[in-house]
Amino acid sequence: MTGEKKHPEVHVDAASPWVVDVARELLRRPGQMKTLQRDVPAPEGFGLEMIGVPVGEPIHLDLRLESVMEGVLASGTVETEVRGECSRCLEPFTEHVDVDLTELYAYPDSVTDETSEEDEVSRIVDERIDLEPAVRDAVLLELPVTPLCREDCPGPESPDPEAWAFVPAGEARETIDPRWAALQEKYGGAGSHEN
Ligand SMILES: [Zn+2]
């Protein structure tokens with residue numbers, strides 16, 4: 001049984017900076033290799049709740065694309081800057097991340113493709129590979145769920161109300177930020193006075 005397996009329509013946006021056309025140099029040419037160095041601006045979705053790559057931040061790809069029997073193997077490193085909020089002191093911080101990536105893009109009719117579930121492997125679509133999902137997964141895996149500005153962050157040093165402005169909505173915002181109070185007074189709520 002060949003070519004019987006149906007995949008939902010998958011489209012690859014040829015204009016995306018994450019997409020690499022492998023038709024000419026790599027397709028069905030095991031042993032061929034090309035390097036790819038590229039800076040791609042981060043799209044949405046490259047982050048967790050308290051830490052992530054800001055939209056537009058360059059993500060530097062330094063990859064090797066190898067033609068193998070089953071498809072195209074992408075491997076190398078991904079580097080970028082992430083911005084986070086310390087889960088202890090609540091101060092914003094930035095950090096450099098450097099992650100290794102290894103991803104096989106299988107040919108649509110390869111054994112790997114035939115024997116894998118839809119979301120288990122990446123695939124070559126229209127003779128192109130889309131690096132975004134694999135890079136995003138690799139970056140997200142590297143991010144801590146409870147980020148710290150530094151390993152030994154002691155937590156808030158003073159009960160500075162400014163620091164509490166970074167507490168996510170819904171979490172212990174007992175200290176009302178003076179700016180909020182001012183806004184409340186100015187724009188809203190019963191008891192506000194008009195000038
Ligand atoms: Zn901290």
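When I say that two residues are in contact, or pack against each other, I mean that they have heavy atoms within 4.5 Å. With that in hand, hello everyone, and let me walk you through this structure, which is a predicted model.

Let's start with helix 2, where that definition comes in right away. Helix 2 covers residues 132-142. Which of its residues are buried? They are E132, A134, V135, A138 and V139. Those buried residues pack against strand 4, which is 58-68, and also against strand 5, strand 6 and strand 8, the last being 128-130. A general point about helices helps here: an α-helix has 3.6 residues a turn, so residues three or four places apart point the same way.

Let me pick one residue from helix 2, and that is A134. Its relative accessible area is 8%, and because buried means under 20%, A134 counts as buried. If we set aside neighbours within four places in sequence, A134 is in contact with L101, E103 and Y105. You can also find V121, 13 residues away from A134 along the chain, with 9.7 Å between the two C-alpha atoms.

Now let me step back to the whole protein. The secondary structure comes to three helices and eight strands. Reading from the N terminus, the order is β-β-β-β-β-β-α-β-β-α-α. There are 195 residues, and 32% of them count as buried. How far along the chain do contacts reach? Taking contacts between residues at least 6 apart in sequence, 61% join residues at least 24 apart.

The zinc site is a nice case of distant parts of the chain being linked. Which residues supply the protein donors of the zinc ion? They are C86, C89, C149 and C153, each through its SG atom, and they lie 2.2 to 2.3 Å from the ion. Along the sequence, these donor residues follow the spacing C-x2-C-x59-C-x3-C. C86 and C153 are 67 residues apart, with C86 in the loop between strand 5 and strand 6 (92-106), and C153 in the loop between helix 2 and helix 3 (178-187). What is the geometry of the site? It is tetrahedral, with angles of 106 to 113° among the four donor atoms. For reference, the ideal angle for four tetrahedral donors at a metal is 109.5 degrees. As for accessibility, C86 is buried because its relative accessibility is 0%, and C153, at 4%, counts as buried as well.

Staying with strand 5, let's look at T80. Strand 5 spans residues 71-85, and T80 belongs to it. Is T80 buried or exposed? At 3% relative accessibility, T80 counts as buried. A polar atom of the T80 side chain lies 2.9 Å from the backbone oxygen of P58. P58 also appears among the contacts of T80 beyond four places in sequence, together with V53, E57, I59, E95, H96 and V97.

Next, the aromatics. How many aromatic pairs does a search of the whole structure find? One. The partners are W18 and F46, and they are stacked, with 5.6 Å from centre to centre and 20° between the planes. W18 sits in the segment before strand 1 (19-21), while F46 sits in the loop between strand 2 (33-41) and strand 3 (51-52), so the pair ties together parts that are 28 residues apart in sequence. Both W18 and F46 are buried.

Another ring to look at is that of Y107. R28 lies over its face, 3.8 Å from the ring centre. R28 itself is in the loop between strand 1 and strand 2. Not counting residues up to four places away in sequence, R28 touches S67, Y107 and D109. S67 is 39 residues from R28 in sequence, yet their C-alpha atoms are 7.1 Å apart.

R28 has one more feature to point out in its backbone: a positive phi of about 55°, although R28 is not a glycine. E127 likewise has a positive phi without being a glycine, with a value near 60°. You will find E127 in the loop between strand 7 (122-123) and strand 8. How accessible is E127? Its relative accessibility is 42%, so E127 counts as partly exposed.

That's my tour, and I'm happy to take questions.

Technical notes
Residues are numbered from 1 along each chain as its sequence is written. This is a predicted model: local features need pLDDT of at least 70, side-chain atom pairs count only at pLDDT 80 or more; totals for chains, interfaces and linings use all residues. Side-chain values use heavy atoms; hydrogens and water are left out. Rings of Phe, Tyr and Trp (its six-membered ring) pair if their centres lie within 6.5 Å; planes under 30 degrees apart count as stacked, over 60 as edge-to-face and the rest as tilted. Helices (H or I, at least four residues) and strands (E, at least two) are DSSP runs, numbered from the N terminus. Buried means under 20% relative accessible area, exposed over 50%, partly exposed in between (1.4 Å probe, protein chains only). A charge sits over a ring if NZ of Lys or CZ of Arg is within 6 Å of the ring centre and within 35 degrees of the ring normal. A polar contact is a pair of N or O atoms within 3.5 Å; within protein, one must be able to donate a hydrogen and the other to accept it, and residues adjacent in sequence count only if both atoms are side-chain atoms. Donors are N, O and S atoms within 2.8 Å of the metal (3.2 Å for Na, K and Ca); water is not among the atoms, so sites may look incomplete. Four donors count as tetrahedral if all angles lie between 85 and 135 degrees; four count as square planar and six as octahedral if opposite donors are over 155 degrees apart and all others between 65 and 115; anything else is irregular.
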